[in-house]
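Reader: I should be grateful for a close look at one part of this structure, namely a loop residue with an unusual backbone angle. Please then explain how one may go on from there to the rest of the chain.

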Amino acid sequence: MKKTILKLTAATAGALHCINKYIDNTVENSTVKSSGRYYHWRNGDIFYRVMGEGEPILLLHDLNVFSSESDWNQVLRNLTSTNKVYVPDFIGCGRSDKPSITYTGYFYVQMITDFVKNIIQEKTVVAASGISAAYVLMADSLDNHLFQKIMLINPPTLSSLKKMPDDHSRMLTKLFHFPIVGKTCYYIAVNKTNTEDYFSEKCFYNPFCLKQQTIKAGYQAAHYGSGNGRYLFASQQGGYLNTDPTEALRKTNQELVLILSEHEPGAKEIAESYQRINDSLKLVSIKDTKKLPELEAPERVSEAIKIFL
């Protein structure tokens, strides 16, 4: 009986491995790779693009396995006539390395700091989407020579950023670290249907504005690197990416701009809580958009950035 169970287990594991390998090969062969550069950071290679001439601007995408530097494609084009624009993939995202580690907020604070110091090499304007906004604030608190102006696009609520991992989330994180089962669970979580649902339900106010090209880019970003995006996914699900930027928000001397989508859940709470902490913060609302206005309304996001340059 035990031998039969072992054989069935081995056969199941073998079948899952073959399915995972097929998905890897399919995605790798269908991915269109745009040209760019690599910053050989001490914790992995960071893919980035740089275009234009003038004062530098750093654009940081939200930290999510579906996100990549391609989220900024149209905004990037709109800014390059007047500025030198840098757009990296975070480690764990897109075409940057995806090491098998548990990612933390401080890991990305270090990454942003080193990227500015070693690649941009001068003070820069920064626009950060989603949770990356918290990392920019933390980086600024550790070194106030990094940024000229900080623009926060739909950052999370401060209360959500204070949540720490618990026993349940730690167990969930460990599940995705298993070689075969974890990879299979990850591929189920980021399949094509779930990828489309993520963009249409969470990111876009008007799903009719959602292009198949955007869904394809998100799907490829999540699958690029033979499923190693699961380590970032596990860290996100486990709550390891959270970091509380409240004190950094309170003490910063930088010019701050909060860009909020009109229909992003919790937008009113975010505006009130951030302005309560720092009343010098300027507020911009982007109409008819949700979580990712840089994709849904890139022209209006570009205009908002240009106003405060």
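Author: In this predicted model, D288 is placed in the loop that runs between β8 (282-286) and α13 (293-296). Its phi is near 55°, a positive value in a residue other than glycine. Such a value deserves attention because most residues other than glycine have a negative phi. Is D288 buried, partly exposed or exposed? The relative accessible area of D288 is 41%, and since the partly exposed class lies between 20% and 50%, D288 is partly exposed.

A second residue may be set beside D288. N154 also has a positive phi, near 45°, and it too is a residue other than glycine. The loop that holds N154 lies between β6 (147-153) and α5 (158-161). The surroundings of N154 are described by a relative accessibility of 5%. Because buried means under 20%, N154 counts as buried, whereas D288 is partly exposed.

Another loop leads to the packing of helices. F178 is found between α6 (167-177) and α7 (181-189). With a relative accessible area of 48%, F178 is partly exposed. Which residues does F178 touch, once those up to four places away in sequence are set aside? They are K183 and R230. Of these, R230 is 52 residues from F178 in sequence, yet the two C-alpha atoms are 10.0 Å apart in space.

R230 also belongs to helix α10 (residues 230-238), whose axis comes within 8 Å of the axis of α6. The two axes cross at roughly 170°. As angles over 145 degrees count as roughly antiparallel, α6 is roughly antiparallel to α10. On the side of α6, the contact is made by S169, L172, T173, F176 and H177. On the side of α10, it is made by R230, Y231, F233, A234, Q237 and G238. These residues divide into five nonpolar, five polar and one charged. Because arginine counts as charged, R230 is the charged residue of this contact.

Aromatic rings offer a further view of the chain. How many aromatic pairs does a search of the whole structure find? The search finds 16. In one of them, the ring centres of Y38 and F47 are 5.4 Å apart and the ring planes stand at 65°, so this pair is edge-to-face. The partners differ in their exposure: Y38 is partly exposed, at a relative accessible area of 38%, while F47 is buried, at 2%. F47 has a further neighbour in R95, which lies over the face of the ring at 4.0 Å from the ring centre. A comparable arrangement involves K192, which lies over the face of Y219, at 5.5 Å from the ring centre. Elsewhere, one aromatic cluster is formed by W41, F90, Y103, F107, Y108 and Y135.

These details may finally be placed within the whole. The secondary structure of the protein chain comes to 14 helices and eight strands. The chain has 309 residues, of which 53% count as buried; N154 is one of the buried residues, and F47 is another. Where contacts join residues at least 6 apart in sequence, 77% of them link residues at least 24 apart. The contact of F178 with R230, across 52 residues of sequence, is an example of such a link.

Methods
Residues are numbered from 1 along each chain as its sequence is written. This is a predicted model: local features need pLDDT of at least 70, side-chain atom pairs count only at pLDDT 80 or more; totals for chains, interfaces and linings use all residues. Side-chain values use heavy atoms; hydrogens and water are left out. Helices (H or I, at least four residues) and strands (E, at least two) are DSSP runs, numbered from the N terminus. Buried means under 20% relative accessible area, exposed over 50%, partly exposed in between (1.4 Å probe, protein chains only). Contact means heavy atoms within 4.5 Å. Axes are lines fitted to C-alpha atoms, for helices over the stretch in contact, and angles run from 0 to 180 degrees between N-to-C directions. Angles under 35 degrees count as roughly parallel, over 145 as roughly antiparallel, 65 to 115 as roughly perpendicular and the rest as oblique. Rings of Phe, Tyr and Trp (its six-membered ring) pair if their centres lie within 6.5 Å; planes under 30 degrees apart count as stacked, over 60 as edge-to-face and the rest as tilted. A charge sits over a ring if NZ of Lys or CZ of Arg is within 6 Å of the ring centre and within 35 degrees of the ring normal.
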